[in-house]
Amino acid sequence: MGPASAADPEPVAAEDVPTSDTPDFGPNVKIFDPSTPAGTVQAAFDEAFDAHNVSPTAQFGEQRYAFLFKPGTYGRVWANLGFYTSVAGLGQNPDDVTIEGAVNVDSGWNYGDTANATQNFWRSVENLSIKPENGTNRWAVSQAAPMRRVHVKGDLTLAPSNQDNGQGYSSGGYLADSKVDGKVSSGSQQQWYTRDSSIGSWEGGVWNMVFSGVEGAPANAFPNPPHTTLDTTPVTREKPYLYLDDAGKYQVFVPSLQQDSSGTSWPGTAGESIPMSKFYVAKPEDSAARINSALEQGLNLFFTPGRYEIDETIKVTNPDTVITGIGFPTLVPTGGVTGLSVADVAGVKVSGLTFDAGTANSETLMTVGTPGEHQDHAGNPTSIQDVFFRIGSDVQGKATTTLEVNSDDTIIDHIWAWRADHGGAPTGWDVNTGDTGLIVNGDDVLATGLFVEHYQKYEVIWNGNRGRTIFFQNEKPYDVPDQAAWMNGTQNGYAAYKVGDDVTEHEVWGGGSYAFFNVNPDVKLDHSFEVPERDGVKLHSILTVSLGDKGTISNVVNNTGGAVPNPAGNTTPRNVVSYP
């Protein structure tokens, strides 16, 4: 083509995507202020909850709710939270919003499993205070149900109301940056992680209760009682949150990085505010191309509740980009693409997202950094918070690796990577396939609250050096058809947590791995933790359990710890206090 002439058209710039400081968050977000009658608030919660109470479609349904409260006090609201329901305050501090009554989660609501709370997934409460009716707030949750930045002005129980008489088990959970004035009772919770909080006292523990940076935490005593306690958390950056400023405009507050932290970050949380005009507020009807246009424009992303079909990878290339969501926005990669990739840049914050694998196999659902590249991000790491992944839900999803972390210094703060053992669509060994939940290739990566379950090979592979994990929860795949289908060379099965053979330094505090081979209870696993024999590789407070004696784990770590069942008939764990 020759030189441009007056007749040649001018290049057309891509249309800027619109932004606003007072955006429309869509029909699935309800915003209340103190003048809203309590009956109106209650009716909104009841409508959302009652429509899906004991419903056969609720657990993997398309309903998504976010209830937001402007600063003030709200009298007698009893908020039952079902699947895909978020509640958050819009103040700068939790005490700017007070709910008198309850933000309540209990058992008895889940179709087909009303006796337990072990499937109370995908709900959250953040950035408000609760003045509980009768003095105790109930939060009987399991995985993917964070309580963050909350002030409970009374007691908190983490167990369902039917926890006695061999019923009401719960399998959570995660509490961070929160204050409980009174007692926290864990009751039937099998495991729980509490980080950077302040509590009056703690009561209870079944298998694996872990605390880091918690004022009022019980003493380190694993395994009797099963409390693992660290005075501080090595590195934290609290999750970004939405708030309303004095001018009535929305902003997202991004807390600062902290070292050796303890207690709550509030009031007076250090950090910066970003006006909503610097965010693209995404809606479920948005294409991946439009979302990428917003990123190319230099905007941050704020996902509203709903289901997003992603036919091209969402690519984050700018440092310090904030990507967050409310109401469990769910990204579904199609055609085998990766849902989200983050370049090896500093300070990206990803939070509040759920990924569902699509029916065409994705090699990865999310990646951070570039394989083989090592840049020092210690002063401004990428963080991943309250990000949940499913291989199998209402679709028969497939993904080889769920999350791959290549960037050095990344903070993984509460994820649940789950190859589904049940779903709205049928699941099975050859149906919703997935090899590995998490691969870490970056150095100096920290995981605080790591839940990875049911994958078909190694569930966590940690190749980076100087990695640390505080709290790990795992269940092995339920659906192994027979031993021949699950061999790792000459080994029986694949460990839950594999530290790479070349790693010289690694440390874990509080890790539990459970077997429930209900398809074939004769299946055996040689060990749940597999690590190189080096002084710099250290494990503290780790355990295995055979749930209901369905299957055998021959040792806890390498050739140490002994077998479960231990003995048959009582679901007693094998505990290793320290290794080596």
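This is a short guided tour of the structure, one selection at a time. Keep in mind that you are looking at a predicted model.

**Stop 1: the whole protein**

Start with everything showing. The protein has 2 helices and 43 strands, so colour by secondary structure and you'll see plenty of arrows. Its C-alpha atoms fill a box of roughly 80 × 70 × 45 Å along the principal axes. How does the radius of gyration compare with that of a compact globule? For 580 residues such a globule would come out near 25 Å, and the protein has 23 Å, which agrees.

Now switch on a surface. About 19,800 Å² is exposed, and carbon and sulfur atoms supply 46% of that. Of the 580 residues, 61% count as buried. As for contacts between residues with a separation of 6 or more, 64% of them link residues 24 or more positions apart.

**Stop 2: a sheet of three strands**

Select strand 16 (241–244) and strand 19 (271–275), then add strand 17 (residues 250–255). Together they make an open sheet in the order 16-17-19, with antiparallel pairing. Strands 16 and 19 are at the edges with a single partner strand each, so one side of each has no neighbour in the sheet. From one strand to the next, the twist averages 35 degrees.

Zoom in on strands 17 and 19, which run antiparallel and are joined by 5 bridges. Click on Gln251 and look across to strand 19: its bridge partner there is Pro275.

**Stop 3: helix 2**

Next, select residues 288–296, which are helix 2. Which of its residues are buried? They are Ala288, Ile291, Asn292, Ala294 and Leu295. Turn the view until you look down the axis of helix 2: these buried residues fall within an arc of 155 degrees, so they line one face of the helix. There is a handy rule behind this kind of pattern: an α-helix has 3.6 residues a turn, so residues three or four places apart point the same way.

What covers those buried residues? Show strand 20 (279–282), strand 21 (300–303), strand 22 (307–310) and strand 23 (314–316), which are included in the cover. Before you leave, click on Gly298, which follows helix 2 and has a positive phi, near 90 degrees.

**Stop 4: a sheet of nine strands**

Strand 23, part of the cover over helix 2, leads on to the next sheet. This one is open too, with 9 strands in the order 23-26-28-30-32-34-38-40-42 and parallel pairing. Its edge strands are strand 23 and strand 42 (552–557), each pairing on one side only. Neighbouring strands here are turned by 25 degrees against each other on average, direction ignored.

**Stop 5: strand 32 and its neighbours**

Stay in this sheet and select residues 436–440, which make up strand 32. How many of its residues are buried? The count is 5 of the 5, so strand 32 is largely enclosed by the rest of the structure.

On one pairing, strand 32 runs parallel to strand 30 (residues 399–405) over 4 bridges. Click on Glu404 and you'll find Ile439 of strand 32 opposite. Strand 32 also runs parallel to strand 34 (residues 460–462), with 3 bridges joining them. Here Leu438 has Val460 in strand 34 as its bridge partner.

Take one more step along the sheet. Strand 34 is joined by 3 bridges to strand 38 (residues 497–499), again in parallel. Finish by selecting Trp462, which stands opposite Val499 in strand 38.

Technical notes: Residues are numbered from 1 along each chain as its sequence is written. This is a predicted model: local features need pLDDT of at least 70, side-chain atom pairs count only at pLDDT 80 or more; totals for chains, interfaces and linings use all residues. Side-chain values use heavy atoms; hydrogens and water are left out. Buried means under 20% relative accessible area, exposed over 50%, partly exposed in between (1.4 Å probe, protein chains only). The arc is that of the directions from the helix axis to the C-beta atoms. Contact means heavy atoms within 4.5 Å. Two strands pair if DSSP finds at least two bridges between them. Axes are lines fitted to C-alpha atoms, for helices over the stretch in contact, and angles run from 0 to 180 degrees between N-to-C directions. The radius of gyration is taken over C-alpha atoms; the globule rule is 2.2 Å times the number of residues to the power 0.38. Accessible areas come from the Shrake-Rupley method with a 1.4 Å probe; for residues, only the protein chains shown count as cover.
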